[in-house]
Amino acid sequence: MNRFIFLFLIFGWTIYSQTNIPIGYFNNPIEIPLLLSGNFGELRSNHFHSGLDIKTQQKVGIPIYAPADGYVKRLKISHFGYGKALYIIHPNGYSTVYAHLQKFAGDIQNFVKENQYQKETYTLELFPEANQLSVKKGDLIGYTGDSGSTGGPHLHFEIRDASSRPMNPMLFGINIPDTKKPTINGIYAYPLGKDAQINQSQNPIKLRLILQKDGSYKAENITAFGKIGFGISTYDQQNGASNKNGVYQIKTFYNGEEVFNVLFEKFSFAETRYVNRYIDYTHFKNNRNRVQKLFRQPNNPLSIISGDNDFGYLTIENDFASIYTIEVTDYKNNKVSVSIPIKGKNLEILEIRKSTKTDDFIYSDQANSITKGKFNIYIPANSLYENEYLDIETHGDTIKIHKDVIPLHKSFTITIDVSNYKETDIDKLYIGRLNYKGKPYYNKTFRKGDKISTKTKTFGSYILVSDNKAPSIKPINFSKKKWISKNKTLKIKVKDELSGISSYRATINGKFILMEYNYKKDVLIYDFDDNIISETENNLKVIVVDNVGNNATFEATFFRK
Ligand SMILES: [Zn+2]
């Protein structure tokens with residue numbers, strides 16, 4: 001090998017990967033102390049968290065300032081997800097993202113409103129031209145809010161590299177004081193090989209931990225044989241906030257040698273769903289507690305983990321004593337470790353591996369089509385991470401497709417033959433997913449002749465529902481035929497019991513008005529500052545349509561001067 005290339009491989013990569021990050025380039029986007037309700041890489045439903053969730057003192061409207069020069073490259077407004085989101089690209093190729101905003105500021109806000117009125121829609125996605133909406137470091141760009149899918153007001157802030165991969169903002173010098181060690185919730189041991197056992201059992205066990213004088217933990221002694229692995233439930237807290245956030249790195253060692261390493265610095269959106277492969281999904285669904293598996297199984301290509309398949313697995317031999325250590329670190333290098341003494345013993349197995357066999361065995365690398373009465377399920381190849389027995393039962397209009405304890409990487413399709421329904425009734429049918437309370441949540445339903453179908457990435461119970469009821473529309477802060485000169489807004493409550501709201505349209509005196517929909521509060525809001533009307537007598541008309549096409553119209557006259 002050429003000596004230069006050799007040296008580059010050894011030193012070049014580390015220099016490139018560590019010093020390429022422009023530390024200090026980005027200012028804090030808001031001027032209040034940074035307290036986090038979520039940090040980078042932490043485990044969420046179906047994804048790793050791609051940024052920082054910055055607490056905003058339980059309120060909305062805190063000004064956000066551009067952390068560096070750049071221009072707006074994308075604006076997206078949706079009812080769910082990021083809500084009102086702003087994307088800025090910076091001259092060094094990195095971009096920053098601000099989500100769940102209350103509103104944008106200045107020219108950006110004007111640009112969005114203009115487009116909303118022109119396209120007559122609240123939800124939209126815009127890609128302004130380069131430098132059309134340029135910003136200077138420190139410019140006001142928006143206000144923090146609670147829009148989209150949130151559990152309360154906060155700013156979701158991201159830094160992405162030139163390939164749109166989210167990166168840990170702390171790598172750029174965003175400073176979050178943290179003097180406390182990560183907390184360990186639990187350590188789990190998994191017998192993985194066919195003949196493997198731990199404490200004479202073939203099932204995973206939770207280990208008892210004993211706190212040592214130096215702050216580390218020692219697990220109870222275990223006996224083991226064959227191929228095994230470990231899992232950990234852990235979190236970190238930063239100063240000044242009680243939120244349980246993610247850790248920065250987990251490393252494991254077997255007799256002092258590193259055997260596993262996961263590092264939360266950067267990932268791509270294409271791989272984020274593999275979080276369901278990485279955690280013990282079944283344990284999570286049964287116990288609401290996320291255990292990170294410290295071994296790389298097949299079909300887990302996550303780039304945050306070093307090493308290939310089988311990385312992190314241990315092979316325990318008979319009559320051989322060994323020690324396994326787990327080290328958990330937060331971004332400020334506060335560390336906690338657990339050591340687990342292992343005695344190699346091939347003993348009689350007292351507890352056999354739990355497994356339930358059914359008629360429907362799914363090979364994960366093949367497509368599967370299963371028909372049960374009027375129901376058909378089509379599971380494409382590579383939807384499941386492992387071969388599985390599925391428990392499938394039908395009862396009237398309901399199909400139970402296992403339980404949501406097996407993760408799916410791709411959507412599967414449920415098709416229902418509805419030829420026994422009258423033509424006019426078919427249009428009112430939808431497929432709903434039954435939640436734990438038995439409520440049928442609308443799943444986007446398609447019709448082709450006398451078959452209706454839906455796609456989903458979640459196992460569970462699905463039901464055929466007929467929705468003949470139109471949405472309800474009620475004014476909140478005004479009544480018909482009244483003077484409302486002092487109102488800053490028009491607020492309307494909109495609700496749909498079954499399939500849910502799909503679209504709405506509002507006009508005053510025949511002119512489109514922009515109403516913002518908050519699905520968490522079932523409210524539509526119009527802001528009189530939009531200056532659409534100048535008349536004294538005004539006729540408001542609101543039409544709301546549900547997901548199967550039932551619609552309701554509300555009309556009211558009000559007066560204003
Ligand atoms: Zn977030």
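## Salt bridges, zinc site and voids in a predicted model

The structure, which is a predicted model, holds 23 salt bridges. Three of these contacts are described here together with the places they join, followed by the zinc site, one sheet, and the pockets and cavities.

**Salt bridges**

Arg505 and Glu120 meet through their side chains in a salt bridge, with an N to O distance of 2.6 Å. This pair links distant parts of the chain: Arg505 belongs to strand β42 (residues 501-508), while Glu120 sits in the loop between α2 (106-119) and β10 (124-126), 385 residues apart. Arg505 counts as partly exposed, at 36% relative accessibility, and Glu120 also counts as partly exposed, at 38%.

A salt bridge also forms between Lys520 and Asp146, whose closest N and O atoms are 3.7 Å apart. Because Lys520 lies in the loop between β44 (515-518) and β45 (523-527) and Asp146 in the loop between β12 (140-144) and β13, the pair ties together parts that are 374 residues apart in sequence. Lys520 is partly exposed, with a relative accessible area of 31%; Asp146 is partly exposed as well, with a value of 26%.

In the salt bridge of Lys372 with Asp360, the closest N and O atoms are 2.8 Å apart. Here Lys372 in strand β28 (residues 368-372) is joined to Asp360 in strand β27 (residues 360-362), 12 residues apart. Lys372 is partly exposed, with a relative accessible area of 22%, whereas Asp360 counts as buried at 13% relative accessibility. Buried means under 20% relative accessible area, so the two partners fall into separate classes. Elsewhere, Glu42, Arg44 and Asp53 are joined into one network by salt bridges that share partners.

**Zinc site**

Asp53 also takes part in metal binding: the protein donors of the zinc ion are His49 (NE2), Asp53 (OD) and His156 (ND1), at 2.0 to 2.1 Å from the ion. Along the chain these donors follow the spacing H-x3-D-x102-H. Asp53 in strand β4 (residues 52-55) and His156 in strand β13 (residues 154-160) are 103 residues apart, and the pair links distant parts of the chain. Asp53 is buried, with a relative accessible area of 5%, and His156 is buried with a value of 3%. Asp53 thus appears both among the zinc donors and in the salt-bridge network with Glu42 and Arg44.

**A five-stranded sheet**

Strand β42, which carries Arg505, is part of an open sheet of five strands in the order β40-β47-β46-β42-β43, with mixed pairing. The edge strands, β40 (482-483) and β43 (511-513), each pair on one side only. Between β42 and strand β46 (residues 537-546) the pairing is antiparallel, over seven bridges. Within β46, Ile543 is the bridge partner of Arg505. Arg505 therefore has a backbone partner in β46 as well as a side-chain partner in Glu120.

**Pockets and cavities**

The voids of the model are listed below by volume and lining.

| Void | Volume | Lining by class |
|---|---|---|
| Largest pocket | about 1,700 Å³ | 16 nonpolar, 12 polar, 12 charged |
| Second largest pocket | about 1,400 Å³ | 16 nonpolar, 14 polar, 15 charged |
| Largest cavity | about 80 Å³ | five nonpolar, four polar, four charged |
| Second largest cavity | about 40 Å³ | three nonpolar, two polar, three charged |

The largest pocket is lined by 40 residues, and Thr282, Arg353, Lys354, Glu386 and Glu388 are the closest to its centre. At least two lining residues come from each of β15 (183-191), α3 (275-278), α4 (281-287) and β30 (388-390).

For the second largest pocket the lining comprises 45 residues, with Ser45, Asn46, Arg433, Tyr441 and Thr458 nearest its centre. Elements giving two or more residues to this lining include α4, β6 (70-77), β7 (84-89) and β34 (429-434). Helix α4 contributes to the largest pocket and to the second largest pocket.

Two cavities of 30 Å³ or more are found in a search of the whole structure. Around the largest cavity stand 13 lining residues, of which Asn39, Met170, Gly246, Tyr248 and Tyr331 lie nearest its centre. The lining of the second largest cavity consists of Ile77, Lys84, Phe104, Gln109, Val112, Lys113, Gln116 and Glu516. Helix α2 supplies four of these residues, the largest share.

How values were computed: Residues are numbered from 1 along each chain as its sequence is written. This is a predicted model: local features need pLDDT of at least 70, side-chain atom pairs count only at pLDDT 80 or more; totals for chains, interfaces and linings use all residues. Side-chain values use heavy atoms; hydrogens and water are left out. Donors are N, O and S atoms within 2.8 Å of the metal (3.2 Å for Na, K and Ca); water is not among the atoms, so sites may look incomplete. Helices (H or I, at least four residues) and strands (E, at least two) are DSSP runs, numbered from the N terminus. Buried means under 20% relative accessible area, exposed over 50%, partly exposed in between (1.4 Å probe, protein chains only). A salt bridge is a side-chain nitrogen of Lys or Arg within 4 Å of a carboxyl oxygen of Asp or Glu. On a 1 Å grid over the protein atoms alone, a cavity is a set of points where a 1.4 Å probe fits but cannot get out, and a pocket is an open set with protein on both sides within 12 Å along at least five of seven lines; lining residues have an atom within 4 Å of a point. Grid points are joined across faces, edges and corners, and a volume is the space filled by probe spheres set on the points. Ala, Val, Leu, Ile, Met, Phe, Trp, Tyr, Cys and Pro count as nonpolar, Asp, Glu, Lys and Arg as charged, and the others, Gly among them, as polar. Two strands pair if DSSP finds at least two bridges between them.
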